[in-house]
Structure formats: C-alpha cells, structure tokens
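Here are my notes on the model you sent. They are in numbered points, to be read with the structure open.

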Amino acid sequence: MKRSITTLLLLFTVLMSSAQVRKWTLQECVEYAVEHNLTIEQFELDLENAKIDKSDALGNFLPSLSGSTSASSNTGFSINPTNNLPTNSTAFNVNASLTSNVTLFDGLRNVYQMNRAKMNAIANQYRLDNLKDDIRLNVANAYLQVLSGKEQLKTFRAQYAVTEQDLKRTKELVESGVLPRGDLLEVEATAANQQQQIVNGEATVLIARVNLAQLLQITDYENFDIAEEEFDIPPSDILNNSAKVIFNTALTFRNDIKLSESNVELAKEDLKIAKGAYLPTLGAFFQYGTRYSDVTQIPDGNGGVYTPNFTDQLWIFDGISYGAQLNIPIFNGWTTKNNVKRSTISLEKAKLQLEQDKLALENTIQQAYVDVSTFEKAYEAALKTLEARTLALDYAKERYDNGLMNAFDFGQAQARVDNAQADVIRTKYDYIFRLKILEFYFGMPITLN
C-alpha cells in the first residue's frame, strides 16, 4: 500500500512538472512580446501624454473662469469703502469677484497648436507601431534560432546513434581479429567528438531559448520552450517583384517612414507657431464683483442712515466690468525672430531626416532582396553537397565493411556528412528568416505557416 502511494505521488509530481512547460508557437511569442514589452508600455504612456496635449490645445480656445474672495479687518485710521472718507474705527470688509478672460486672436497660434497636438498624437502612434514591427522581427529571428538549434541537435543525436552501432560492430570485428585495434580507437574518437557536438548543441539551444524568453520578458527560463514543429521552406513569390516595387510598396505603410513624415508636419506647425508671435493679440474680459463692510451706512429715505445686512450689501454693491485688450509686439530683443530661425532649421532637419530614412529603407530592402536570392542559392548548394556527401559516405561504408578502408578515412567521410547536414540546417533557417524579412517589408505578416 505504501509503495502504491509513493508511486502515485511520484507520477503526480512528474505530471505537474511537465505541465508547467508551455510550448510556444511563433504567433504566440510575437503577440506576447508586443503585449508585455516594457519599452512598448513606455511608448503607450507617451501616446497617452500626446492625447492629453490635444486636450490642452482644445482648452486654448475656451474662455477662462476664476473666482476670488477676501476678508479683512482694519483697526485705526482707514478709508471707508462705501464713501471713500477717512475714518478711525474698526471695520470688517469682504470682497468677492468672478472673472472670465477669452483670447479672440493670437496670431492663429492656438489653431496651429491644436493641429500640432493632433499630429503629435499620430506621430506617437507611428512610433509605437514601428517599435512593435521591430519587436516582431527580433522575436521571429530569435524563434528561428531556437528552431535551428533544435534541428541541429536532433541531427547530432541521430548521428551519434549511428556511430554507436558502428562502434558496437567494430568492437566485435576487433575482438574477432578481423580489424586492427586502431580502427576501434578511430570510431571511439568519432563517437567522443559527436558527444561533444551534442553537448555544444544543447548549450546553443539553451542560450537561444533564454534570448527568446528575454525578448518576451519571461524569467522562468527552465519552463519556457517552443513548440516542436517542423518547418519546410515556405512557398513564396516575393522575388517576382523587383526591389524597387517592394520599396515603393513599403513607403506606403512603413511606420518609420510615416513617423518621419509626421515629424516634418510637426516642424511645419512649429514654424507657424513661431511666426504667429509677430502678430498682435486681442483678448476680452468680463468681471462681476461685490463687497460688504460692517461700517457701511446709507440713507434710509427719512433723513437718517442705516447699516444694511450682509446679504443686502452684496446686492447693493455688486457690479460688472468688461472690455478688450490689444497687445501689439514691437520689439522683444529678437526673441521671435530667433525662434522663427530655429523652427526653420528644425524643419529642414526633419526633411533631411525623412530623405535619410527613405534611403536607409531602400538600402535595407535592397540588401534583403539580395540576401533572399543569396541564401536561397546557398541552401540549394548545401542540399546538393549533403546529397553528394551522403553518397560518398555510403560508398565509404561499403568499402569499410569489406575491409578496403580504414576507420580514420571512414570517420572523415562521416564528418563531412555531419558538416553538410549542419550547413543545410543553418542555410535553411537563414533563408527562411531573410525571406520573412523581405515579405514583411512588402506588408505581409510574419508567419511560418
């Protein structure tokens, strides 16, 4: 009974530990990285700030409204606020007012600031989307590195399994006196080398998994892994389009280009705002006020005077004032002129940056286009090399089995096949990634399906 319980507990522990390891697909990795990346979260906060700036710009069109009140007590000589006559007594005074100001014209700077705030919000959205694009590419590259490492590791283990069979057979032949002991040492050396390849391959996969996990902001490296999937070269007709066509298509949707274009528009609005300071400003105001004083005396209509109560005085002494104010700039130490010059320079810099970004994008696409063609040919060459090395190995094995080749030469033939298989895996995933980059610049989503 005790043994059965122990067995069940061990089985439960194994099942629980294996259940913790989640196998991630490429799509899941990309979506998770976009949702949890810390830099993206910071950019999203910048986008929220840009939306608040739009609210500030809208507020510039609205009138302001403020209220104020004060209470004071004076002892000794003072001026009676009701009749402006000197008095020598203790008085308690209350004043209150409500004031509104509105800008009627400020050189259209409020209009330009509103336009700028809208464009800035759009620019921040482009900046955020561009960062997401970069993260998608980085995640795809890291994911393919894990896939490549896993596939190479499978190859190393399969090669070692074959060598183990050769080692067993060689031992039997050596013990029977058919082969010299030196052949056994050569096969053992080959097996040891392949074991080292397996160890190095496991380390490569581990490092690739950690790199991918870090891109996803995941710290539980031990329980993180990708789905066990086999990926062939995906069919694509992207090379049916010229590099120029791909570049012109990328200009229409690439977020980095749209961001640069938005920066040019922002610089134009900044220049308009700076030039608006040359123009006069016109504002209007309206104020309502009232007061109370406990020394106030007014005629009662019968030849005498009386002191109205607090509420009555607020109605008796209330009043309004309104007007307009025109401010004409004449000279401010060249501040406006220099601000216009700075804005003009910033506009030219933004235009140059846009052209530079277009040139960088064109160079990147040209390089990606060449890479796709180059790595496609490299992959095809690697396949042909592997095929030739495999045939040579079969021939060498036949000679080795018949005692016409020593173990060293046979091991060299096996090593050449191992290297050819590694080249096939490397060039395969290099080609897939370059293909996905070029398709990405053509507006196609990153997927391995």
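1. Lys51 is partly exposed, because its relative accessibility of 44% falls between the 20% limit for buried and the 50% limit for exposed. Its salt-bridge partner is Glu48, with N to O at 3.8 Å. Glu48 is likewise partly exposed, at a relative accessible area of 41%. Both residues belong to helix H3, where three residues, about one turn of the helix, separate them. Please keep in mind that this is a predicted model, in which side-chain atom pairs count only at pLDDT 80 or more.

2. The helix that holds this pair, H3, covers residues 38-59. Its 22 residues, at 1.5 Å a residue, should span 32 Å, and the end C-alpha atoms are 32 Å apart, so the expected and computed lengths agree. The buried residues in H3 are Ile40, Phe43, Leu47, Ala50 and Ala57. They line one face of the helix, because they fall within an arc of 70° when seen down its axis. The elements they pack against are H2 and H4.

3. What caps the N-terminal end of H3? The cap is Asn37, which places a side-chain oxygen 2.9 Å from the backbone nitrogen of Thr39.

4. Helix H2, residues 26-36, has Leu26, Cys29, Val30, Ala33 and Val34 as its buried residues. These sit on the same side of H2, because the arc they cover around the axis is only 125°. Which elements do the buried residues of H2 pack against? They pack against strand S1 (22-24) and against three helices: H3, H4 (109-175) and H5 (181-215). H2 and H4 thus come up again here, since the buried residues of H3 pack against both of them.

5. Across the whole structure, a search gives 17 salt bridges. One of them joins Arg209 and Asp225, at 4.0 Å from N to O. This pair links distant parts of the chain, as Arg209 is in helix H5 and Asp225 is in strand S4 (residues 224-226), 16 residues away. Are the two residues buried or exposed? Both Arg209 and Asp225 are buried.

6. A further salt bridge connects Asp423 with Arg426, whose closest N and O atoms are 3.4 Å apart. Both residues are in helix H10 (residues 407-441), and because they are three residues apart, about one helical turn separates them. Asp423 counts as partly exposed, with 33% relative accessibility. Arg426 is also partly exposed, and its relative accessible area is 39%. As for shared partners, salt bridges join Lys23, Lys150, Arg209 and Asp225 into one network. I would show that network in a figure together with the buried state of Arg209 and Asp225.

7. Asn255 lies in helix H7, which runs over residues 255-276. Why does Asn255 count as buried? Its relative accessibility is 12%, and the buried class takes residues under 20%. Leaving aside residues up to four places away in sequence, Asn255 touches Tyr126, Asp129, Asn130 and Asp133.

How values were computed:
Residues numbered from 1 in each chain as written. Heavy atoms only, no water. Buried < 20%, exposed > 50% of the residue type's maximum accessible area, 1.4 Å probe, protein only. Helix = DSSP H or I, 4+ residues; strand = E, 2+ residues; numbered from the N terminus. Arc of directions from axis to C-beta. Contact = heavy atoms within 4.5 Å. Salt bridge = Lys/Arg side-chain N within 4 Å of Asp/Glu carboxyl O. Expected span 1.5 Å × (residues − 1). Polar contact = N/O pair within 3.5 Å; in protein donor to acceptor, adjacent residues only side chain to side chain.
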